[in-house]
Structure formats: C-alpha cells, structure tokens
Amino acid sequence: MNEYLCHDFKTPRTDTSRRLPSTFRSIPVIFYVALIGSAYVMTMDYFNYKRALKQKTEAEERQKLSETQRDSFKNEKSNLESEATKAENVAQWMEGARNIQPIAVKIARAVQTETRITQVALERSEQVPANIALTIHLNGTKVSTELAAIEASLGQLLYRSYSPQQTKNGDVVEYHSTLVRQTE
C-alpha cells in the first residue's frame with residue numbers, strides 16, 4: 001500500500017462536529033430505567049388483572065348465591081302469603097257460617113205429628129257461607145201449611161227463604177230453598 005494512505009490514517013484529525021453534551025450520557029441510563037419501569041408496570045398489571053378476574057368470579061358466585069337465596073325467600077314469602085290468604089278465607093267463612101243445629105231444631109218443631117219428614121238436607125255454600133241450601137221431603141196431608149210454619153219458624157232465627165220451589169211426586173212434596181240470613 002501506499003505510504004501516504006497509511007500515514008493519512010494515523011494523523012490526528014480535528015473534530016468536525018462538537019461533542020454531545022454530558023447530559024446526553026444519561027440517555028442510556030434513562031432508557032434502561034424506563035425499560036425496567038415498564039416491565040414492572042406490565043408485571044403489576046398482569047397480577048392485578050389476574051386478581052380482578054378472581055374477584056369477578058367470586059362476585060359472580062356471591063351474586064348467584066344471593067339470587068338463589070332471594071328466590072327462595074320470595075317463594076317462601078309467596079307460600080306464606082297464600083297460606084295467610086287461605087287462613088283469612090277460612091276465618092271469613094267461619095265468621096259468616098252460622099250454627100245449623102237451631103235451624104234443624106226449628107224445622108223439626110214446626111212440623112205437626114201427621115206430617116212426616118223423610119229427608120232434610122242443609123248445605124252451606126263455600127262462596128257464601130251465610131247462605132244455606134235447604135231441601136226437605138215432606139209426606140202428609142197438610143204439607144202446604146207445614147211449609148208455611150217452617151218458613152215462619154225460620155223467620156224467628158232471622159232467615160228468609162230465597163227462591164223457594166215445590167215439586168209434588170205423589171204424596172211426597174219436595175221443597176227447595178236458599179236460606180239467607182237477614183240483618184238485624
């Protein structure tokens with residue numbers, strides 16, 4: 001090689017550009033600190049994400065448990081309300097229902113000895129317990145006067161006949177009526 005070229009490489013050269021300021025030496029340090037900081041933030045985000053997923057599943061399980069408890073409480077409440085409604089209906093029915101024994105006694109005492117009662121049926125309506133369906137089968141000669149006496153004796157108990165019907169089959173008179181309790 002040429003001496004000139006080799007010599008040219010060995011000669012000191014003057015810098016054509018200025019040196020970087022000394023503050024720029026901190027750029028690699030800042031880069032590595034930022035790299036480590038971002039790795040730390042990413043790691044913490046990952047762990048927080050996993051913890052959030054775990055908390056979410058626990059919250060969903062608690063929600064399902066509370067929903068099942070709520071549904072069971074609602075079912076229990078509806079059962080109690082239906083039982084209370086049934087009990088209230090029974091209490092109202094019992095309040096509206098009057099004793100039937102005085103009616104049967106009044107009917108038996110109103111009939112004379114010549115007339116025979118072959119059948120007496122007193123049926124209480126479930127919807128209106130104060131009303132009683134009366135069916136009497138009478139056998140005798142003075143049945144019409146006996147029926148009037150029965151209605152009069154039932155009037156003493158504050159019952160009146162509603163839509164009475166009579167049918168005669170030979171000697172037997174079949175009497176149907178609904179007894180309605182009168183207000184005092």
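This report describes the fold, the sheet and the nonpolar core of one predicted chain.

## Overall make-up

The model is predicted. The chain holds 4 helices and 4 strands. Read from the N terminus, the elements follow the order α-α-α-β-β-α-β-β.

Of the 184 residues, 14% count as buried. The chain exposes about 15000 Å². Carbon and sulfur atoms supply 55% of that exposed area. Sequence separation of contacts was also computed. Take the contacts between residues at least 6 apart in sequence: 53% of these join residues at least 24 apart.

## The sheet

The 4 strands make an open sheet. Their order across the sheet is E1-E2-E4-E3, and the pairing is antiparallel. Strand E1 (116–124) and strand E3 (159–169) are the edge strands, each pairing on one side only. On average, neighbouring strands of this sheet are turned by 15° against each other, direction ignored.

## Pairings of strand E4

Strand E4 covers residues 172–181. It pairs with strand E2 (residues 132–139) through 8 bridges, and the two run antiparallel. Within this pairing, Ala133 has Thr178 of E4 as its bridge partner.

E4 also pairs with E3, again in the antiparallel sense, over 9 bridges. Here Tyr159 is bridged to Arg181 of E4. E3 and E4 form a hairpin, with 2 residues between them. Gly170 sits in that turn and has a positive phi of about 70°.

## The nonpolar core

In soluble globular proteins, nonpolar side chains tend to be buried together. The largest nonpolar core in this model has 16 residues. Ile150 and Leu154 touch the most other members. Helix H3 (101–110), E2, helix H4 (143–156) and E4 each supply at least two residues of this core.

Which residues does Ile150 touch, leaving aside those up to four places away in sequence? They are Ile107, Ala110, Val111, Ile136 and Leu138. Ile107 and Ala110 fall within the span of H3, 101–110. Ile136 and Leu138 fall within the span of E2, residues 132–139.

## Putting it together

E2 and E4 appear in both parts of the picture. They are joined by 8 bridges, and each supplies at least two residues of the largest nonpolar core. E3, by contrast, is an edge strand, linked to E4 by a hairpin. From the helices, H3 and H4 each supply at least two residues of the core.

Notes
Residues numbered from 1 in each chain as written. Predicted model: local features only at pLDDT ≥ 70, side-chain atom pairs only at ≥ 80, totals over all residues. Heavy atoms only, no water. Buried < 20%, exposed > 50% of the residue type's maximum accessible area, 1.4 Å probe, protein only. Contact = heavy atoms within 4.5 Å. Areas by Shrake-Rupley, 256 points an atom, 1.4 Å probe, with all protein chains shown as cover. Pairing = 2+ DSSP bridges. Axes fitted to C-alpha atoms, helices over the stretch in contact; angles between N-to-C directions. Core = buried A, V, L, I, M, F, W, Y, C linked by side-chain atoms within 4.5 Å.
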